[in-house]
Structures are given as structure tokens and as C-alpha cells.
Amino acid sequence: MSASIIYVVSDSVGETAELVTKAAVSQFMNSNINVKIKRIPYVENPEHIDEVISLAKLNQGIIAFTLVRPLDREYMIKRAKEEGIIYYDIIGPLIDMLQEKFQLDPVYEPGLVRKLDEDYFKRVEAIEFAVKYDDGRDPRGILRADIVLVGVSRTCKTPLSQYLAHKRYKVANVPLVPEVEPPEELFLVAPEKCIGLKISPEKLNNIRKERLKTLGLGDHAIYANLERIKEELAYFEKIVHKLKCPVIDVTNKAIEETANNIMDTIKRNKK
């Protein structure tokens, strides 16, 4: 038995149309039918549609299509009817129904679902990156990052990394401690990709005291000692001076405000 051909036509990649068509055909797998699915992507004008119509007529095929622009849809239906070709509009009726229901005009832009999927996966990838390369645990991430945050402990490096990851930036962060040499990878990063996070000694002292309390510890530990904090911040200034990177003061700033400052700085540096 010769194969019946279904031409899956789309003004984008055509993955959605092909998936729906395969799902429908799969319901007849117990029958003795031979169906071949051929995807034809990026059909964007009447000339392309005419080519599809000629092909379907020549091979007595069926056309299943996802064309979001009304003129393209109308032309496809008109030509298919003229040539006696069986056709099925996969997405058009649903768009029309939603337009009527919500009383809104669609944007009629092909490929949007793919763009949304790509955006989602980029965000997930960035979040996984931020977790993997948090707190300097793997210096290899420093050279792969879009942004590298450096600062002493409790300057919001981790929350900022996660926030920026949701904006699709791959972020690594590196803690600075006077007794520990920063990873050599840090000094190989372009200065415009590095951001130093500065904070006032008094503010950091209060933050660290509160942190110790939440851990059930006294606030007299060296971690929250003001002189020790000043020593760490002096070391921070030394390192960022060596890196020649921008510095943002996070004292009394919300995560969102600091993140916006970081993104603005990165964008300016790119220009």
C-alpha cells in the first residue's frame, strides 16, 4: 500500500503542528494504514503556500497547518478548496475563539511558543549555574559566567546570584577572606564582567550579629567583630582595586535595587 502523505505546514519551525499530527495519527496505529508525515517549516508568503498546494495535489496529500497570520491562513484555505485538497487548520480556530473570549487582538507573530520555551530553558540553566558555582565552590565557573560577584561574607552574593539567574544571567560569586587567596581564575575575567559588593562596616556588623543569633550563637564571635570586619573590607578594597572592576554599595539597598544596578552596569560596560 502506498503511503498517504500529510504535509505539516508552519510559518515557524513546525514542531507543534508535527506533534499534534503525530498524536492524531497514533490513534490509528492498530489499523492497516501507511501514513508519512512531512514537515514544511517557514511558510511565510503566498508563493510558499502555492508550492505546498502543488505538492499536496501532485501526491494526493493532506495538509495540516499552523499559520498564525490571518491572510496566510485565509489564502491556504482558499487554495486548498480550489484544488480539492483535504486540509486542517490546527491553530486558527483556537486563536479566533480566544480573541472573541478575551476581546483582545493577537500579536500574530510566528514562533512565539518556541521563543517562550527557549526563554524558560535559559532561565533554568542560569539558576542551575548559580547553584553550582555559588560561594566559590568551583572556580571553573568564574570564566564561564556572565557576571562574577565578589565580596565579603553577608553581602547578599547568593540572593543576588539567584535573582540575576531569573533574568537569565549566569552568575558565579566569590567570597573574599583575608586568609584565603582568591582563585586565579578571578584575575583572568574581564573587569567589566566583575562586580564588587561593598557595604559599610556598621551595617555588616549588625547583619552578622543577627546571623549568629539565628544560628543560636553569641554575637561576640570574631565573625561579628567590628575590627575584624574592617580588616575584611580593607582586603576587599585591595582585591577590587587589583581587579579594576566596578563596585556597588549594597548598604541599605534591597536585592532588587542592587540587581538592577548590576544589570545596568553590565549593559553599560558592554556598550
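This is a guided tour of one protein chain, with a suggestion at each stop of what to select next in the viewer.

**The whole chain**

Begin with everything displayed, and keep in mind that the model is predicted. Shown as a cartoon, the chain has nine helices and eight strands. If you turn the C-alpha trace along its principal axes, you will find that it spans about 85 × 40 × 40 Å. The radius of gyration fits with that outline, in that a compact globule of 271 residues would have a value near 18 Å, whereas this chain has 29 Å.

Now switch on the surface, where the chain exposes about 16100 Å², with carbon and sulfur atoms supplying 54% of that area. Of the 271 residues, 37% count as buried. Among the contacts between residues at least 6 apart in sequence, 73% join residues that are at least 24 apart.

**The largest nonpolar core**

Hide the surface and select Ile-147, Val-148, Leu-149, Val-150, Leu-164, Ile-195 and Ile-262, which are the residues with the most contacts inside the largest nonpolar core, a set of 37 residues. To see what surrounds them, colour the elements that give two or more residues to this core, namely strands S5 (147-151), S6 (171-175) and S7 (194-198) together with helices H6 (157-165), H8 (226-243) and H9 (255-270). Which of these elements gives the most to the core? Helix H8 does, with seven residues.

Next, centre the view on Ile-195 and leave aside its neighbours within four places in sequence; the residues in contact with Ile-195 then include Ile-147, Val-148, Leu-149 and Val-150, as well as Cys-245, Pro-246, Ile-248, Ile-262, Thr-265 and Ile-266.

From there, move to Thr-265, which lies in helix H9. Is this residue buried or exposed? Thr-265 counts as buried because its relative accessible area is 8%, and buried means under 20%. With neighbours within four places in sequence again left out, Thr-265 is in contact with Ile-195, Pro-246 and Ile-248.

Stay in helix H9 and select Glu-257, which is also found there. Glu-257 has a relative accessibility of 39% and therefore counts as partly exposed. If you add Arg-211 to the selection, the C-alpha atoms of the two residues are 22 Å apart in space, while in sequence the residues are 46 apart.

**A separate core**

Apart from the largest core lies another one, made of 14 residues, and to find it you can select Tyr-7, Ile-53, Leu-67 and Ile-85, which are among its members.

**Salt bridges**

Now display the charged side chains, which form 20 salt bridges in this model. Start with Glu-18 and Arg-39, whose side chains meet at 2.5 Å, from N to O. This pair links distant parts of the chain, as Glu-18 belongs to helix H1 (residues 15-26) and Arg-39 to strand S2 (residues 35-40), 21 residues apart. The partners differ in how much of them can be reached, because Glu-18 counts as buried at 13% relative accessibility, whereas Arg-39 counts as partly exposed at 33%.

Go on to Arg-79 and Asp-50, a salt bridge in which the closest N and O atoms are 3.0 Å apart. Arg-79 sits in helix H3 (residues 70-82) and Asp-50 in helix H2 (residues 46-58), so this bridge ties together parts that are 29 residues apart in sequence. Arg-79 is buried, with a relative accessible area of 13%, and Asp-50 is partly exposed, with 26%. If you widen the selection to Lys-57, Lys-78, Glu-82 and Glu-83, you will see that these residues, together with Asp-50 and Arg-79, are linked in a network of salt bridges.

For one more pair, select Asp-138 and Arg-140, whose side chains form a salt bridge with 2.8 Å from N to O. Here Asp-138 counts as buried, at 14% relative accessibility, while Arg-140 counts as exposed, at 59%.

**A nonpolar patch on the surface**

For the last stop, bring the surface back and select Leu-94, Met-97, Leu-98, Phe-102 and Leu-104, which form a nonpolar patch with about 500 Å² of accessible area together. To place the patch on the cartoon, look for Phe-102 in helix H4, which covers residues 92-102.

Conventions: Residues are numbered from 1 along each chain as its sequence is written. This is a predicted model: local features need pLDDT of at least 70, side-chain atom pairs count only at pLDDT 80 or more; totals for chains, interfaces and linings use all residues. Side-chain values use heavy atoms; hydrogens and water are left out. Patches are made of residues with over 30% relative accessible area and no salt bridge: like charges are joined within 9 Å, nonpolar side chains (Val, Leu, Ile, Met, Phe, Trp, Tyr) within 5 Å. Accessible areas come from the Shrake-Rupley method with a 1.4 Å probe; for residues, only the protein chains shown count as cover. A salt bridge is a side-chain nitrogen of Lys or Arg within 4 Å of a carboxyl oxygen of Asp or Glu. Helices (H or I, at least four residues) and strands (E, at least two) are DSSP runs, numbered from the N terminus. A nonpolar core is a set of buried Ala, Val, Leu, Ile, Met, Phe, Trp, Tyr and Cys residues joined through side-chain atoms within 4.5 Å. Buried means under 20% relative accessible area, exposed over 50%, partly exposed in between (1.4 Å probe, protein chains only). Contact means heavy atoms within 4.5 Å. The radius of gyration is taken over C-alpha atoms; the globule rule is 2.2 Å times the number of residues to the power 0.38.
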